[in-house]
Amino acid sequence: MTSANSDYGQFTAPGEVRFVRFLPGPIERVWEYLTDAEKRGRWLARGSMELHVGGAVNLQFCHAELSPHTEEVPAKYRESCGASGEAARCTGRVTRCEPPSFLSYTWGESSGAASEVTFELSAQGSRVQLVLTHRRLGEDRGMLTSVASGWHTHVDILIAKLAGAEPLPFWSTHETHEVAYEKLLP
């Protein structure tokens with residue numbers, strides 16, 4: 001693909017992280033991996049998504065299913081993810097949906113402090129440029145490093161799945177990225 005796929009995400013504003021990645025196309029296929037519950041479940045989370053403004057988003061994370069590698073959930077995530085890594089849930093609402101190039105939805109509405117994640121896709125020959133931005137995350141360093149390393153790891157898995165490659169293990173990769181993002185935060 002490109003070396004940009006290994007770059008760390010950028011903290012572009014307070015409480016905001018942005019990633020730019022290049023994915024194997026075509027754009028319609030990438031769109032399906034963002035919106036189809038079964039395909040999204042291979043790299044991020046299963047669950048329903050109503051593809052219209054105001055539509056409900058229900059994500060159920062099953063980290064143990066994202067890679068063939070078996071790993072223990074790190075202690076600090078066991079409360080939210082459970083020992084098996086399959087209990088975390090997230091709800092939200094679609095705020096913008098323009099197939100196959102733009103999808104945005106709130107994240108974590110049930111917690112009372114919803115952030116917003118945006119996926120922008122553009123065709124670049126046989127590849128697709130993904131710009132992923134997660135906003136309104138607050139200023140807690142632990143939250144910012146966790147979210148940044150989470151997206152970095154999940155998108156790495158998406159790239160591997162789209163390329164027909166075996167993804168790296170989720171939790172150990174996430175922990176490695178978390179250390180790096182802690183150093184990158186201003």
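Which residue in β5 stands opposite R96? In this predicted model, the residue that faces R96 is S104 in β5. The pair belongs to the contact between β4 and strand β5 (residues 102-107), which pair in the antiparallel sense over four bridges. A hairpin of three residues connects β4 to β5.

On strand β4 (residues 89-98) there is also a pairing with strand β3 (residues 56-60), where the two run antiparallel and are joined by five bridges. Within this pairing, A56 stands opposite R93 in β4.

These pairings are part of a wider arrangement. Seven strands make up an open sheet, and reading across it gives the order β1-β2-β7-β6-β5-β4-β3, with antiparallel pairing. The edges are occupied by β1 (10-13) and β3; each has a single partner strand, so one side of each is left without a neighbour in the sheet. On average, neighbouring strands of this sheet are turned by 30° against each other, direction ignored.

Elsewhere in the sheet, strand β2 (residues 16-24) runs antiparallel to strand β7 (residues 127-135), and eight bridges join the two. One of the positions in this pairing is P24, whose bridge partner in β7 is R127. Helix α4 packs on the sheet, where it touches β1, β2, β5, β6 (115-124) and β7. The direction of α4 makes about 5° with that of β2.

Helix α4 (residues 141-163) also meets another helix. Two packed helices are described by the angle between their axes and the distance between the axes. For helix α1 (residues 27-35) and α4, the axes come within 12 Å and cross at roughly 130°. An angle of that kind makes α1 oblique to α4, because it falls neither over 145 degrees, which would count as roughly antiparallel, nor in the 65 to 115 range of roughly perpendicular axes. The crossing of α1 and α4 is right-handed. On the α1 side, the contact involves R29, V30 and Y33, which meet L158, K161, L162 and A163 in α4.

A further element to consider is helix α5 (residues 170-184). How far apart are the end C-alpha atoms of α5? They are 21 Å apart, and this agrees with the expected span of 21 Å for 15 residues at 1.5 Å a residue. The span is reckoned from one less than the number of residues, which is why 15 residues lead to 21 Å. Along α5, the buried residues include F170, W171, T173 and H174. H177, E178, A180 and Y181 of α5 are buried as well.

Definitions and conventions
Residues are numbered from 1 along each chain as its sequence is written. This is a predicted model: local features need pLDDT of at least 70, side-chain atom pairs count only at pLDDT 80 or more; totals for chains, interfaces and linings use all residues. Side-chain values use heavy atoms; hydrogens and water are left out. Two strands pair if DSSP finds at least two bridges between them. Buried means under 20% relative accessible area, exposed over 50%, partly exposed in between (1.4 Å probe, protein chains only). Axes are lines fitted to C-alpha atoms, for helices over the stretch in contact, and angles run from 0 to 180 degrees between N-to-C directions. Angles under 35 degrees count as roughly parallel, over 145 as roughly antiparallel, 65 to 115 as roughly perpendicular and the rest as oblique. A crossing is left-handed if the near helix is turned anticlockwise from the far one by less than a right angle, and right-handed if clockwise. Contact means heavy atoms within 4.5 Å.
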